[in-house]
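These are my notebook entries on one chain, written down in the order in which I looked things up. I began with a term that I needed for the entry after it.

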Amino acid sequence: MLLAAVVPLTAATVAALLKAGHLTLHADRHRIKITARPRPNCPQCHGEGGWWTGGAFPEMEACGCWAPRRELRIRLLPIPAWDEPPF
């Protein structure tokens, strides 16, 4: 009975920490992945994550508020191989 009360509290705590740390959590049966996201109050990108550079071939330049941070992946189950030929 105690475990049933602790699990929702733990999930809520983890969700609050991820939101405060500007992280995104993705979980499925194959992996758990935590990635960075842009800070909404960043003075350079204003929460957009970067800006477009000019020129004939414009590219997105990532902002330093989230781009240099690494992502964390925890592998759970292997992804099954395809059983059919590609073509």
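Entry 1, a buried cysteine. I count a residue as buried when its relative accessible area is under 20%, as exposed when that area is over 50%, and as partly exposed in between. I looked up C45 under this rule and found it buried, because its relative accessible area is 4%. C45 sits in the loop between β2 and β3. I also checked a contact far along the chain: the C-alpha atoms of C45 and G64 are separated by 9.0 Å, although the two residues are 19 apart along the chain. For the chain as a whole, I noted that buried residues make up 13% of its 87 residues.

Entry 2, confidence. I remind myself that this is a predicted model, and so I looked up the pLDDT before reading any detail. The chain averages a pLDDT of 79, and 85% of the residues score at least 70. Among the elements, the lowest mean belongs to helix α1 (residues 2-20), at 63, whereas strand β3 (residues 50-52) has the highest, at 89. Where pLDDT is low, predicted coordinates should not be read in detail. I therefore kept to the strands and loops in the entries below.

Entry 3, the layout. I listed the elements and found 1 helix and 5 strands in the chain, which run α-β-β-β-β-β from the N terminus on.

Entry 4, the sheet. Which strands make up the open sheet, and in what order? I read it as 3 strands in the order β1-β2-β5, with antiparallel pairing. Its edge strands are β1 and β5, each of which pairs on one side only. Neighbouring strands of this sheet are turned by 10 degrees against each other on average, with direction ignored.

I then took the two pairings one at a time. Strand β1 (residues 23-27) pairs with strand β2 (residues 31-36) in the antiparallel sense over 5 bridges, and the two form a hairpin with 3 residues between them. Within this pair, L23 stands opposite A36 in β2, and T24 has T35 of β2 as its bridge partner. On the other side, β2 and β5 pair in the antiparallel sense over 4 bridges. Here I noted that I32 has I74 of β5 as its bridge partner, while R31 is matched with R75 in β5.

Entry 5, salt bridges. How many salt bridges does the count come to? The count comes to 2, and I looked at each with its exposure. In one, R31 is joined to D28, with the closest N and O atoms 3.3 Å apart. R31 counts as partly exposed because its relative accessibility is 26%, and D28 is likewise partly exposed, because its relative accessible area is 30%. In the other, the side chains of R73 and E71 meet at 2.8 Å, N to O. R73 is exposed, because its relative accessible area is 53%, whereas E71, with a relative accessible area of 39%, is partly exposed. I note that R31 thus appears twice in these pages, once for its salt bridge with D28 and once as the bridge partner of R75 in β5.

Entry 6, a nonpolar patch. I asked which residues form a nonpolar patch on the surface. They are L72, I74, L76 and L77, which together have about 340 Å² of accessible area. L72 is found in strand β5 (residues 72-75), and I class L72 as partly exposed because its relative accessible area is 44%. I74 is the residue already noted as the partner of I32, and the strand it belongs to, β5, is an edge strand of the sheet.

Entry 7, a positive phi. Most residues other than glycine have a negative phi. I looked for an exception and found H46, whose phi is near 55 degrees, a positive value in a residue other than glycine. H46 lies in the loop between β2 and β3, the loop that I had also recorded for C45. Is H46 buried or exposed? H46 is exposed, because its relative accessible area is 58%, whereas C45, at 4%, is buried.

Note on methods: Residues numbered from 1 in each chain as written. Predicted model: local features only at pLDDT ≥ 70, side-chain atom pairs only at ≥ 80, totals over all residues. Heavy atoms only, no water. pLDDT = per-residue confidence, 0-100. Patch = residues over 30% accessible without salt bridge, like charges linked within 9 Å, V, L, I, M, F, W, Y side chains within 5 Å. Areas by Shrake-Rupley, 256 points an atom, 1.4 Å probe, with all protein chains shown as cover. Salt bridge = Lys/Arg side-chain N within 4 Å of Asp/Glu carboxyl O. Buried < 20%, exposed > 50% of the residue type's maximum accessible area, 1.4 Å probe, protein only. Pairing = 2+ DSSP bridges. Axes fitted to C-alpha atoms, helices over the stretch in contact; angles between N-to-C directions.
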